[in-house]
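Reader: I would like a close look at a single part of this model, followed outward to whatever else can be tied to it. Please take your time and keep the account connected.

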Amino acid sequence: MHELAERAWFLVSRLLGRVLRSGRYSTVRITRQGTELLVSKQRRFYAPLLVWMGGPLLRIMDTGVRILPQRDWAARESHLYRTIHGSSIRAEADGTLTLPCLTGKTLATILETEMEEPVRRKAIELAIGALAEFHARGFTHGDAMAENVTIDLESAKAHWFDFETMHESGRPIAWRRADDVRALLATCLVRTPAARFADTIDLILDRYRDEDVARHLAARFASALQRPLPLHLGQAALSFRSFMEVDRALSGRNHSIAGRA
Ligand SMILES: Nc1ncnc2c1ncn2[C@@H]1O[C@H](COP(=O)(O)OP(=O)(O)OP(=O)(O)O)[C@@H](O)[C@H]1O
Ligand SMILES: [Mg+2]
């Protein structure tokens, strides 16, 4: 009976997640200024309505994140580009943000096109390393998907971007960090053959190395009967079977760590 309820909520969440994901509210263009490549990001005219309607929805779903209104978004992008990437951004009068173009390809693109296992592993390692550094500086991302990090394999650097979403400040820091690791893990797994799930989970958690975060992360997969599931499946549409496999792998890891302690 319990499993039936889990499966039913999972199915509903997959559908809701697809609807949530389909709501695009900004347009991104790459432009050239002299020799420099720039990225222009502008919210669509209906974005304020979506952000306003999304607020209560994200709270009802207990997601622990909120989408920032225009002014807060511009301020956060500016602060993080300056602090993390050491570069400034420009805000136009019409609300368009002009950002420096980060080098490399997104992790999502690499995982979708690259077949060589060592290259895939390297790309994931760079992304999780950059996320751990970002966290160590006191920030959390809020939408840490493989679509929101560029990987430059030549210089072995990863850069996180897209800071429109923010974690609620009332959530414990380990919870917020685990939510970022969850988003990264799930968006990697949807682009990974099932046979490599356990390896990918080990790769990410061995590189991130935080038992508190690992416990919070395991709780996210312990049951499908969770209110934020539609948002999570909107980020990465895992199957019910994959979700269960992640639960087994994470709880197995946590038990063996607890056993060693
Ligand atoms: N600073 C940047 N440097 C290089 N590429 C970028 C940069 N910002 C965005 N991009 C490219 O544009 C794409 C979309 O950008 P971004 O993730 O900021 O917006 P979005 O995902 O469409 O927004 P949202 O999901 O919030 O609606 C990215 O996947 C990336 O390929
Ligand atoms: Mg994005």
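Author: Helices, of type H or I with at least four residues, and strands, of type E with at least two, are taken as DSSP runs and numbered from the N terminus. With that in hand, and bearing in mind that the model is a predicted one, the part to look at closely is the largest pocket, which has a volume of about 1100 Å³. Its lining comprises 41 residues, and those nearest the centre of the largest pocket are Arg21, Arg24, Asp143, Asp162 and Glu164. Two or more lining residues come from each of several elements, among them helix 1 (2–22), strand 1 (26–33), strand 2 (36–43), helix 2 (47–60) and helix 3 (70–85). Of the elements, helix 2 gives the most to this lining, namely 6 residues. Sorted by class, the lining of the largest pocket holds 21 nonpolar, 12 polar and 8 charged residues.

The second largest pocket has a volume of about 300 Å³. It is lined by 16 residues, and Gly129, Ala130, Glu133, Lys157 and Ala158 are the closest to its centre. At least two residues of this lining are supplied by each of helix 3, helix 5 (117–136) and strand 8 (157–160), and helix 5 gives the most, with 7 residues. By class, the lining of the second largest pocket divides into 7 nonpolar, 3 polar and 6 charged residues.

Helix 2, which gives the most to the lining of the largest pocket, is also the place of Trp52. This tryptophan counts as exposed because its relative accessible area is 65%, the cut-off for that term being over 50%. Trp52 joins Leu49 and Met53 in a nonpolar patch on the surface, and together the three have about 380 Å² of accessible area.

The charged side chains form the next layer of the picture. Side chains of opposite charge can pair when their charged atoms come close. The structure holds 14 salt bridges. One of these joins Arg191 to Glu112, with the closest N and O atoms 2.5 Å apart; since Arg191 lies in the loop between helix 6 and helix 7 and Glu112 in helix 4 (residues 107–113), the pair ties together parts that are 79 residues apart in sequence. Arg191 is buried, at a relative accessible area of 17%. Arg191 also meets the side chain of Glu147 in a salt bridge, at 2.9 Å from N to O. This second pair links distant parts of the chain, with Glu147 in the loop between helix 5 and strand 7 (149–152) and Arg191 in the loop between helix 6 and helix 7, 44 residues apart. Glu147 is partly exposed, with a relative accessible area of 25%.

The loop between helix 6 (173–189) and helix 7 (197–208) is also the place of Ala194, which is partly exposed at a relative accessible area of 48%. From C-alpha to C-alpha, Ala194 and Arg241 are 9.8 Å apart in space, although 47 residues apart in sequence.

Within helix 6, Arg182 and Asp179 meet through their side chains in a salt bridge of 3.0 Å, N to O. The two are 3 residues apart in that helix, so about one helical turn separates them. Both partners are buried, Arg182 with a relative accessible area of 3% and Asp179 with 5%. Elsewhere, salt bridges with shared partners join Lys41, Arg43, Asp162 and Glu164 into one network, and this leads back to the starting point, since Asp162 and Glu164 are among the residues that lie nearest the centre of the largest pocket.

Definitions and conventions. Residues numbered from 1 in each chain as written. Chains lettered and ligands numbered in written order. Predicted model: local features only at pLDDT ≥ 70, side-chain atom pairs only at ≥ 80, totals over all residues. Heavy atoms only, no water. 1 Å grid on protein atoms, 1.4 Å probe; cavity = no way out; pocket = protein on both sides within 12 Å on 5 of 7 lines; lining within 4 Å. Points joined across faces, edges and corners; volume = space filled by probe spheres on them. Nonpolar A, V, L, I, M, F, W, Y, C, P; charged D, E, K, R; others polar. Patch = residues over 30% accessible without salt bridge, like charges linked within 9 Å, V, L, I, M, F, W, Y side chains within 5 Å. Areas by Shrake-Rupley, 256 points an atom, 1.4 Å probe, with all protein chains shown as cover. Salt bridge = Lys/Arg side-chain N within 4 Å of Asp/Glu carboxyl O. Buried < 20%, exposed > 50% of the residue type's maximum accessible area, 1.4 Å probe, protein only.
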